[in-house]
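Work through the exercises below with the sequence and the structure side by side, and attempt each task before reading its solution.

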Amino acid sequence: MEIFGIDLMLLLPIFILYLILLVTALVDLIRHWQVRKAPVVWLVVILAVSSFGPIVYFIFGRKEL
């Protein structure tokens, strides 16, 4: 299946990896909600900053513990 000349089957592994990263970041944030500084801000970063939100969280947010 193609959309705009891009084969969607080629993008499927990238999308699956993104979903795994997103879910992992959300689970980690929820598990450490009480000890995390500004957890609501991190939730917005994870959800609103597209594919870079979870990456930013794992680089900077996890060090706050």
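**Exercise 1: a loop residue and its partner**

Task: in this predicted model, determine which side chain makes a polar contact with the side chain of R36, and decide whether R36 is buried or exposed.

Solution: The side chain of R36 meets the side chain of D28 in a polar contact of 3.5 Å. As to its place, R36 belongs to the loop between α1 and α2. Since buried means under 20% relative accessible area, R36, with a relative accessible area of 5%, is buried. Its partner D28 is listed among the buried residues of α1, together with L22, A25 and L29, and what covers these buried residues includes α2 (39-48) and α3 (52-60).

**Exercise 2: the span and surface of α1**

Task: compare the reach of helix α1 with the expected value, and find which residues form a nonpolar patch on the surface.

Solution: Helix α1, residues 8-31, has 24 residues and reaches 34 Å from its first C-alpha to its last, which is close to the 34 Å expected at 1.5 Å a residue. The nonpolar surface patch is formed by M9, L12, F15, I16, L17, L19 and I20, which together have about 680 Å² of accessible area. Of these patch members, I16 can be placed in helix α1, and its relative accessible area of 42% makes I16 partly exposed.

**Exercise 3: the surroundings of V56**

Task: establish which residues V56 touches, leaving aside residues up to four places away in sequence.

Solution: V56, a residue of helix α3, touches W42, V45 and G61 under that condition. The C-alpha atoms of V56 and I46 are separated by 7.9 Å, although the two residues are 10 residues apart along the chain. With a relative accessible area of 30%, V56 is partly exposed.

How values were computed: Residues numbered from 1 in each chain as written. Predicted model: local features only at pLDDT ≥ 70, side-chain atom pairs only at ≥ 80, totals over all residues. Heavy atoms only, no water. Helix = DSSP H or I, 4+ residues; strand = E, 2+ residues; numbered from the N terminus. Expected span 1.5 Å × (residues − 1). Buried < 20%, exposed > 50% of the residue type's maximum accessible area, 1.4 Å probe, protein only. Contact = heavy atoms within 4.5 Å. Polar contact = N/O pair within 3.5 Å; in protein donor to acceptor, adjacent residues only side chain to side chain. Patch = residues over 30% accessible without salt bridge, like charges linked within 9 Å, V, L, I, M, F, W, Y side chains within 5 Å. Areas by Shrake-Rupley, 256 points an atom, 1.4 Å probe, with all protein chains shown as cover. Salt bridge = Lys/Arg side-chain N within 4 Å of Asp/Glu carboxyl O.
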